[in-house]
Protein chains: 2
Amino acid sequence: MQYTQSQLLEKVSAAIEQMVCNPQPDGLYAPIRYALSLGGKRIRPVLMLHAYNIYKEDVDRIMSCAIALETYHNFTLLHDDVMDRAEVRRGRPCVHKVWDENTAILSGDAMLILAYRLLTEGRTADAEPSLLADAVGESDAVGRARALQTFTLATLGVCEGQQYDVEFERRDDVSEAEYMEMIRLKTSLLLACALKMGAELAGAPAADAEHLYEFGEKMGLAFQLQDDLLDVYGDPAVFGKKIGGDILCNKKTFMLINVLQLANEQQRAVLTRWLQQTDFDAEEKIRAVREIYDAVNIRQMCEQKIEQLFAESLRVLRAVDVPSERLQPLVDFAYRLMGRQS
Amino acid sequence: MQYTQSQLLEKVSAAIEQMVCNPQPDGLYAPIRYALSLGGKRIRPVLMLHAYNIYKEDVDRIMSCAIALETYHNFTLLHDDVMDRAEVRRGRPCVHKVWDENTAILSGDAMLILAYRLLTEGRTADAEPSLLADAVGESDAVGRARALQTFTLATLGVCEGQQYDVEFERRDDVSEAEYMEMIRLKTSLLLACALKMGAELAGAPAADAEHLYEFGEKMGLAFQLQDDLLDVYGDPAVFGKKIGGDILCNKKTFMLINVLQLANEQQRAVLTRWLQQTDFDAEEKIRAVREIYDAVNIRQMCEQKIEQLFAESLRVLRAVDVPSERLQPLVDFAYRLMGRQS
């Protein structure tokens, strides 16, 4: 059978709840339970299970790997929130606000180790090795080793992406290519990794695994650019965050980088003044910058880029060598991720 | 052949230097190179190689695992220094002082991933998979899987120990048993893990691996208690740190916990006053507290405990089922670690 996205989400949620037991000391594990209970769309584990489900039906078999990815992702959020001095995550106070920074650092470290434990042993901190571990046969071992390698490569890339993101804040000569590479590392890689791992765990042909990886990579880029776009042009009620956050902190997005290229001398002067001003009215800055964005038609340029990346992602997905109906859940997933009707 | 400690140290140092290449971004990897270049005694990788060398000669074969342990250990130092707001590590400024806290957090995260990469792939961030990985046969795979599990269990325990250490700072009813468990987790576990991994990687019998683990555990406890003792009674020139640090921050060590039990009413009153005082002359506090330590003979009590643990560690080491001369390098190591003549 082919599971729907909501069926897989339900399975993932149940598995995360089951995983969250009560080892000691509570001061270390309570923040981990809190972080994992904040919810979210569980995009990465669901993607992994979808990819596996193209080839195999027993998705429960790789649940520990799926949960590992979600545990890893939430670990990055914990540490990123400390580094960004963020206050709120998914509508609730960040771990370092509920507890403190040291707790967020240490519990985060433990989460990264737990992610590796789930991947390599198929169990969490307290539970006994699951049936999964015993059930793994010879051929599975190869798939698991490949998936582990894919995971390590991606997670190291995410660190690199985070480092570039930090460095770009202090630079004003970031190119479009550099920005795209940064969001590829920071956002796309883990989506691509989830899909590739799912395929590898299912013993899929290497070419298929690679196509699924590229599908995730392109989809992730389209998704991130759309997120940037919504930060400027979104409906606050739908977007869920305040509009204009990127403009206020001068984030070198695809749009800002290209506006600086496309603007005429006068527009660039206005923009540069706003970028350098440290004391300003937020609404006024957002309005002024958006005026220049509109004048150079950056919205259309960004939408075209999103369109192109999204189309490419679906094209490379169709290159996966299976009957096209096996890919339909991932097509649906991509449309839904982009907030579109498929 | 049986390698000496200094031969193994040389091999480890060379491997660490070789590992330290130049991937990008430099902002992420330079702090890692810096942390690993600070030196230290490389106790953990050397212990692992000694344990392996009891059974096998080709110690280079497991070098990536040895370096993984050192990488992991230095990751914990990086994050601990951030949490402790420390200034200096091995006579040089801490990573978060040379760069900043966010860098120390992120580069530390990458080091933990690199440690797992070394363990699971036998290579570092940039190098191609080493010959090691190719050379690993079927039987080795079992040993490596066991060693990986030993590593994960120990590193999770180290997180737990760090958490207890933090919690004990805020409590004044810490028992001797709780303190011993905390230092077991925080200090001993990784030494025990190094030895057990070495045995597992060599395909040693499980009972031997367990004895080596216990040897490391006891030796680690003896070493930590001796470190506590030297903090009060050591020669500053030899100890390498300022004397009295633990007294100044009211650290609930084996000695303080027992002094509070053994002191008479008057001594306890004096001690309690010093523990509660926030404004004091450092030298005066150290002198006053040490006077009570002397009055209840805590030094002898601590020395006896160290003696007992050290003797136990050597007894359990001798239970390893090999000709006793194979164990001599580890006996010598233990004596040297404790600063004694064997």
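1. Chain B drops onto chain A with an RMSD of 0.0 Å after a turn of 180° and a shift of 0.0 Å along the axis (a least-squares fit on C-alpha atoms of residues with pLDDT of at least 70 in both copies). That is how a two-fold axis relates its copies. Both copies use the same surface, as 100% of the contact residues of chain B recur in chain A (contact: heavy atoms within 4.5 Å).

2. Some housekeeping: this is a predicted model, where local features need pLDDT of at least 70 and side-chain atom pairs count only at pLDDT 80 or more, while totals for chains, interfaces and linings use all residues. Residues are numbered from 1 along each chain as its sequence is written, chains are lettered from A in the order in which they are written, and side-chain values use heavy atoms, without hydrogens or water.

3. On the interface, 37 residues of chain B touch 37 residues of chain A. The area buried between them is about 3,600 Å², with 67% from carbon and sulfur atoms (accessible area, 1.4 Å probe, lost on putting the two parts together, summed over both).

4. Which helices of chain B each supply at least two residues of the side that touches chain A? They are H2 (26-37), H4 (63-84), H6 (101-121) and H8 (138-169) (DSSP runs of H or I, at least four residues, numbered from the N terminus). H6(B) gives the largest share, 13 residues.

5. Back in chain A, 10 of the 12 residues of H2(A) are buried, so the rest of the structure largely encloses this helix (buried: under 20% relative accessible area, 1.4 Å probe, protein chains only). Among them are Tyr29(A), Arg33(A) and Tyr34(A). Gly39(A), with a positive phi near 85°, follows H2(A).

Conventions
Buried means under 20% relative accessible area, exposed over 50%, partly exposed in between (1.4 Å probe, protein chains only).
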